[in-house]
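Reader: I am new to reading structures. Please pick one part of this protein and take me through it closely.

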Amino acid sequence: TTGPVFGAVDIGASGGRVMAGRVVDGRVELELVHRFGNQLDHRGDRLFWDFERIHRDVIDGLTRLAARHDHVVSLGIDTWAVDYGLLDADGALIGDPFAYRDDRTAAVIDDVHGKIDFAELYGIAGLQFLPFNTLYQLAAEQRGDRWARARTMLMLPDLLAYRLTGQRHAEATNASTTGLFDATTRDWSPVIIERLGLDGSLLPKVIPSGTVIGPLLPDVAARTGLPRTTVVTAVGSHDTASAVAGTPLRSPAAAYISSGTWSLVGVELEAPILTAESRLANFTNEGGVDGKVRYLRNAGGLWLLSECVREWERDGEPVDLGRLLGEAAEVSGPVALIDVDAEEFIAPDDMPRRIAAACERTGQPVPRTRAEFARTICESLATAYASIVRQAGELSGRSVETVHITGGGSQNALLCRLTEEACGLPVIAGPVEATAIGNVLVQARSHGALPGTLADLRRAIPR
Ligand code: LFR
């Protein structure tokens with residue numbers, strides 16, 4: 001091929017991929033180069049990510065990318081948020097990263113809020129409370145055996161970038177999910193760091209998305225076959241930041257739902273909202289590409305369904321998801337609703353039983369068939385989407401007129417229809433690959449293949 005190629009490495013909790021992105025006639029075109037699985041790694045009571053396996057899969061993907069394309073100018077990396085690796089004084093990773101669904105933080109949350117109460121935290125970081133936010137994970141680390149050796153904390157995309165380039169940075173969109181980041185200054189918060197008894201030298205310098213991090217290390221170039229001149233460019237390294245950048249929002253009246261393992265529901269703002277009202281509604285002010293604020297709330301996601309499917313497949317045949325959703329659409333009669341945000345659904349395993357228990361506890365008909373479970377999940381997600389969209393509008397003073405659904409959920413016709421009904425607003429579905437598109441958009445601009453503002457970039461989103 002000719003023309004610059006931008007490699008997008010996009011890794012989620014259940015799988016990753018490497019895509020080749022190009023700008024053709026002013027629009028991004030994506031080609032899937034490598035897809036790999038990812039899953040929680042249960043070790044005793046603890047949940048980890050197998051980082052060396054993820055790293056190998058990234059290298060495999062880049063090797064395939066190099067085999068297909070001569071002109072790979074740049075690579076961008078995004079993953080889920082909040083998780084990190086700790087490096088020792090030699091720059092070596094100290095053990096595997098914990099996975100955010102590990103419940104070890106339950107024991108330290110009160111302690112953290114004793115040092116700096118949640119209202120004060122919110123006033124600085126503007127982050128919704130989630131039990132796995134990085135600051136709670138670090139508080140748990142402080143009591144653990146690897147802490148004494150830790151010299152640097154790198155968020156997972158930054159850790160992968162470090163492996164590829166040898167450079168250590170903290171890309172801002174993902175740093176904004178740690179709880180240690182000031183939503184107003186867009187830098188680490190000295191106040192929070194001091195109050196938690198952390199050493200500021202643990203945290204690398206913050207860089208905005210769009211910054212060129214540096215060229216590949218010679219051995220990475222040799223191993224993958226990529227040109228020595230290929231650089232890694234910081235994109236919205238929090239997957240949700242890339243997803244929102246890759247959503248064709250046309251006006252401030254458009255809300256978005258990035259629907260995958262999680263559902264991230266909200267609007268894009270120019271400045272954070274740090275009021276008590278916003279805090280009580282548990283809305284987050286995460287950092288977006290170009291200094292935008294992703295004003296949103298996490299709602300449960302397709303994780304609920306994928307965990308059910310995993311359970312059903314454990315003692316049976318593979319589940320045909322398309323067929324299951326078709327049957328779910330046909331379910332008639334009352335449908336039980338669950339609170340998709342409840343902490344009881346964060347941990348893995350045994351999901352159908354936990355959903356059934358929640359229905360029973362709330363005096364609702366317990367789903368009997370798989371189709372009924374799927375219907376309960378989709379209907380409950382749509383209900384949550386509608387209420388968060390309404391709240392996002394109220395809290396931000398916007399009157400929301402359209403709702404975009406991107407990611408895997410945009411291909412779930414039942415979910416889209418139920419969301420449209422629940423919101424009473426038109427739903428625009430797609431792109432399914434919003435995250436990889438957002439990743440490529442930012443790289444393409446940094447390397448002169450696309451112009452201008454975020455609004456300009458969004459015109460390059462494929463229809
Ligand atoms: C989505 C996501 C969410 C974040 C959750 C945990 O993939 O990044 O934005 O809250 O995963 O990191």
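Author: Here is a close look at one open sheet and what lies around it. The model is predicted. In the sheet, 6 strands line up in the order β17-β18-β16-β15-β19-β20. Their pairing is mixed. Two strands sit at the edges: β17, residues 284-287, and β20, residues 427-429. Each of these edge strands pairs on one side only. From one strand to the next, the twist averages 30°.

Now take one pair. Strand β16 covers residues 263-269, and strand β18 covers residues 293-299. The two run antiparallel, joined by 7 bridges. S263 faces a partner here: A299 in β18 stands opposite. In general, strands of a sheet pair through backbone hydrogen bonds.

Next, the loop that comes before β15. This loop follows α9 (239-245) and leads to β15 (254-259). P252 is found in this loop. P252 counts as partly exposed because 16 other C-beta atoms lie within 10 Å, between the cut-offs of 12 or fewer for exposed and 20 or more for buried. P252 also has a partner in space: L269 is 17 residues away in sequence, with 8.0 Å between the C-alpha atoms.

Then there is the ligand. It is surrounded by 13 residues. The closest are W80, A81, V82, T240 and W262. By type, the shell holds 6 nonpolar, 6 polar and 1 charged.

Last, a record. An unreviewed UniProt entry annotates residues 7-246 as "domain: Carbohydrate kinase FGGY N-terminal". That span is 32% helix and 26% strand. Its end C-alpha atoms lie 15 Å apart.

Technical notes. Residues are numbered from 1 along each chain as its sequence is written. This is a predicted model: local features need pLDDT of at least 70, side-chain atom pairs count only at pLDDT 80 or more; totals for chains, interfaces and linings use all residues. UniProt positions are given in the numbering used here, feature names are shortened, and annotations may be inferred rather than shown by experiment. Helices (H or I, at least four residues) and strands (E, at least two) are DSSP runs, numbered from the N terminus. A residue is near a molecule or strand if its C-beta atom, placed from the backbone, lies within 6 Å of it. Ala, Val, Leu, Ile, Met, Phe, Trp, Tyr, Cys and Pro count as nonpolar, Asp, Glu, Lys and Arg as charged, and the others, Gly among them, as polar. Two strands pair if DSSP finds at least two bridges between them. Axes are lines fitted to C-alpha atoms, for helices over the stretch in contact, and angles run from 0 to 180 degrees between N-to-C directions.
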